[in-house]
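Work through the following exercises with the sequence and the coordinates at hand. Each task is followed by a solution in steps.

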Amino acid sequence: MPQSNIKNRTMCDFHTLTDEEKKLYHDKLLQCAENFGGKNFFLQLLEAIRETKPHPLVAGNTQFNMELGTIKWNKVIFNDKLQLLLKARVNESKQDNLLPAKEEKGYKKVLNLVRTLKPIVFHVKPAHKEDGPGFFFQPFNVIDENRTKLNPVFDALFFCSVNTVKKILNYEPKA
C-alpha cells in the first residue's frame, strides 16, 4: 500500500479519512476478506478475535483458531508488549508515527517493541480451501528509520472496531 498518500490518520479513524484513504483501505481489506471466504467470514473472524480473552495475540501457542479458519504467527507476544503496543497505537494518529520522538521517555521501549514484533508474519487461512487462499502480513510498515506505522491489516484484524472495519469493507468509492 503506498504510504505517501496516507496522512496522519489511522484506518480506525474512518470518519476523518480522505476519500483516497478510504479507497486504499477498502481495496486492501476487501482483498483480504475475499481471500478468507468473503466479507461475512472476515467480519465473523474479527468478532471472534474481539470476544476472545485474553487477547489472542498473547496466545502461547501462537495461533488463533475458529470454525471458519486459523491465524498463525511465528513468535510469542507477551502481554507487556501488547499493552505497550496498545498505548503506542493511540499516539500514532496524533504524531503520524508509531514511534515517539527520540527525546521522549518511552522512545526506546517502543523502538524495542517494533524491533521485536517487526519480523513476525501472520498467516490467515480459511478452514476450507474453496473459501480462498488466505493471506499473510506483518504488523508494521517501516517507512524509514524514524517512522513506522501499524500495518492497516494488522490494525483491522486485532484492534479496530468491527463496525469500523464493516464501514471500510462496505465503502463505495466515489467515481
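The exercises below concern a predicted model and treat cysteines, a sheet and salt bridges in turn.

**Exercise 1. Cysteines**

Determine how many disulfides the structure holds, which residues form them, and where the partners lie in the chain.

Step 1. Apply the cut-off: two cysteine sulfur atoms count as a disulfide when they are within 2.5 Å. The structure holds one such link. Its partners are Cys12 and Cys160, with an S to S distance of 1.7 Å.

Step 2. Assign the handedness. The torsion about the S-S bond is -85°, and the link of Cys12 and Cys160 is left-handed.

Step 3. Place the partners in the chain. Cys12 belongs to the segment before α1 (19-34), whereas Cys160 sits in the loop between α5 (152-158) and α6 (162-170); the pair therefore ties together parts that are 148 residues apart in sequence. Both Cys12 and Cys160 are buried.

Step 4. Test Cys32. The closest cysteine sulfur to that of Cys32 belongs to Cys160 and is 13 Å away, which is too far for a bond. Cys32 is buried as well, at a relative accessible area of 4%.

**Exercise 2. The four-stranded sheet**

Establish the strand order of the open sheet of four strands, identify its edges, and state which helix packs on it.

Step 1. Read the order. The strands run β1-β2-β3-β4, with antiparallel pairing.

Step 2. Find the edges. β1 (63-66) and β4 (135-137) each pair on one side only and are thus the edge strands. On average, neighbouring strands of this sheet are turned by 10° against each other, direction ignored.

Step 3. Examine one pairing. β2 (residues 69-73) and β3 (residues 122-126) are joined in the antiparallel sense over five bridges. Opposite Trp73 stands Phe122 in β3.

Step 4. Add the helix. α2 (residues 39-51) packs on the sheet and touches β1, β2, β3 and β4. The direction of α2 makes about 120° with that of β1.

**Exercise 3. Salt bridges**

Count the salt bridges, and describe the position and accessibility of the residues in three of them.

Step 1. Count. With side-chain nitrogen of Lys or Arg required within 4 Å of a carboxyl oxygen of Asp or Glu, the count comes to five.

Step 2. Take the pair within a helix. Asp27 forms a salt bridge with Lys23, and their closest N and O atoms are 2.7 Å apart. Both residues belong to helix α1, four residues apart, and are separated by about one helical turn. Asp27 is partly exposed at 36% relative accessibility, and Lys23 is partly exposed at 37%.

Step 3. Take the pair of Glu92 and Lys149, whose closest N and O atoms are 3.9 Å apart. This pair links distant parts of the chain, with Glu92 in helix α3 (residues 79-95) and Lys149 in strand β6 (residues 147-150), 57 residues apart. Glu92 is buried at 2% relative accessibility, and Lys149 is buried at 3%.

Step 4. Take the pair of Arg147 and Asp96, which meet in a salt bridge of 3.2 Å, N to O. Arg147 lies in strand β6 and Asp96 in the loop between α3 and α4 (107-117), so this contact ties together parts that are 51 residues apart in sequence. Arg147 is partly exposed at 26% relative accessibility, whereas Asp96 is buried at 18%.

Step 5. Combine the results. Glu92, Asp96, Arg147 and Lys149 are linked in a network of salt bridges.

How values were computed:
Residues numbered from 1 in each chain as written. Predicted model: local features only at pLDDT ≥ 70, side-chain atom pairs only at ≥ 80, totals over all residues. Heavy atoms only, no water. Helix = DSSP H or I, 4+ residues; strand = E, 2+ residues; numbered from the N terminus. Buried < 20%, exposed > 50% of the residue type's maximum accessible area, 1.4 Å probe, protein only. Pairing = 2+ DSSP bridges. Axes fitted to C-alpha atoms, helices over the stretch in contact; angles between N-to-C directions. Contact = heavy atoms within 4.5 Å.
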